[in-house]
Amino acid sequence: MENQSCVKYNDLYSLYQQKNDSAFVYLVKHASETIPLADTLMAISESKENEDPAKIRQLIDKAKIQAEEIDNQISIFIEFSDTYSNNAVPKHFVNNAAMTTDEQLDMFILAREARIWWSLYDISYSYWKSNPKTIGTKTRETLRSLATELYELNKTITSFKDNDAAHMFYLAENYKALMLGKLKPHLERLKKIQDHFSGHK
């Protein structure tokens, strides 16, 4: 009975791993580009001093929606990067996300700290309060820096999307590790840009 239970458990575990791998490949192949968000941030940074406030508000609101999508997408990439090496089981839980390794948890936390939506919320609030309505020099520089990094991030995402889906599935563990490794520098730079903007060291 014990052997039968063990075999059944291993079969179910293998099927769950395959399900996770399949979801990871699907998410990567259907990933949203970061270029639209980068373009919106650049448009705000290049706006004229006397630009119609309604137009600026519209751009900021558009950027917040786009940023939330990208922020969430990155977090989901990380959550589905479980490799299940040595039959690892989830041991970290953050909100509704479950992760199996300390590295995965550290990346998930980094992604939360690098969320662009928070900076856009602060920019939106500052613009709403300003009189006259202006976008400051530091804000413009920050938006340009974020946009530049997002253009680079898009190259990374595209490099994964260009891979054959079947090949990614059968080598999912390798691609998941590679994904985490490639995302980390982008997230670190996004966090650094926003820390500088908000005054953190």
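1. A patch is made of residues with over 30% relative accessible area and no salt bridge (a side-chain nitrogen of Lys or Arg within 4 Å of a carboxyl oxygen of Asp or Glu), nonpolar side chains (Val, Leu, Ile, Met, Phe, Trp, Tyr) being joined within 5 Å. In this predicted model, Tyr121, Tyr125 and Trp128 make up such a nonpolar surface patch, and together they have about 380 Å² of accessible area (Shrake-Rupley method, 1.4 Å probe, with only the protein chains shown counting as cover for residues). Tyr125 lies in helix α5 and is partly exposed because its relative accessibility is 44%, where buried means under 20%, exposed over 50% and partly exposed in between.

2. On the basis of the model: local features need pLDDT of at least 70 and side-chain atom pairs pLDDT 80 or more, whereas totals for chains, interfaces and linings use all residues. Residues are numbered from 1 along each chain as its sequence is written, and side-chain values use heavy atoms, without hydrogens and water.

3. On the overall fold: the protein chain contains eight helices and two strands, in the order α-α-α-β-β-α-α-α-α-α from the N terminus. These are DSSP runs (helices H or I, at least four residues; strands E, at least two). Of its 201 residues, 42% count as buried.

4. On the interior: the largest nonpolar core (buried Ala, Val, Leu, Ile, Met, Phe, Trp, Tyr and Cys residues joined through side-chain atoms within 4.5 Å) has 46 residues, and Leu41 and Ile78 touch the most other members. Helix α3 gives the largest share, nine residues.

5. On Leu41: beyond its neighbours within four places in sequence, Leu41 has contacts (heavy atoms within 4.5 Å) with residues including Ala63, Leu120 and Leu143.

Notes:
Buried < 20%, exposed > 50% of the residue type's maximum accessible area, 1.4 Å probe, protein only. Patch = residues over 30% accessible without salt bridge, like charges linked within 9 Å, V, L, I, M, F, W, Y side chains within 5 Å.
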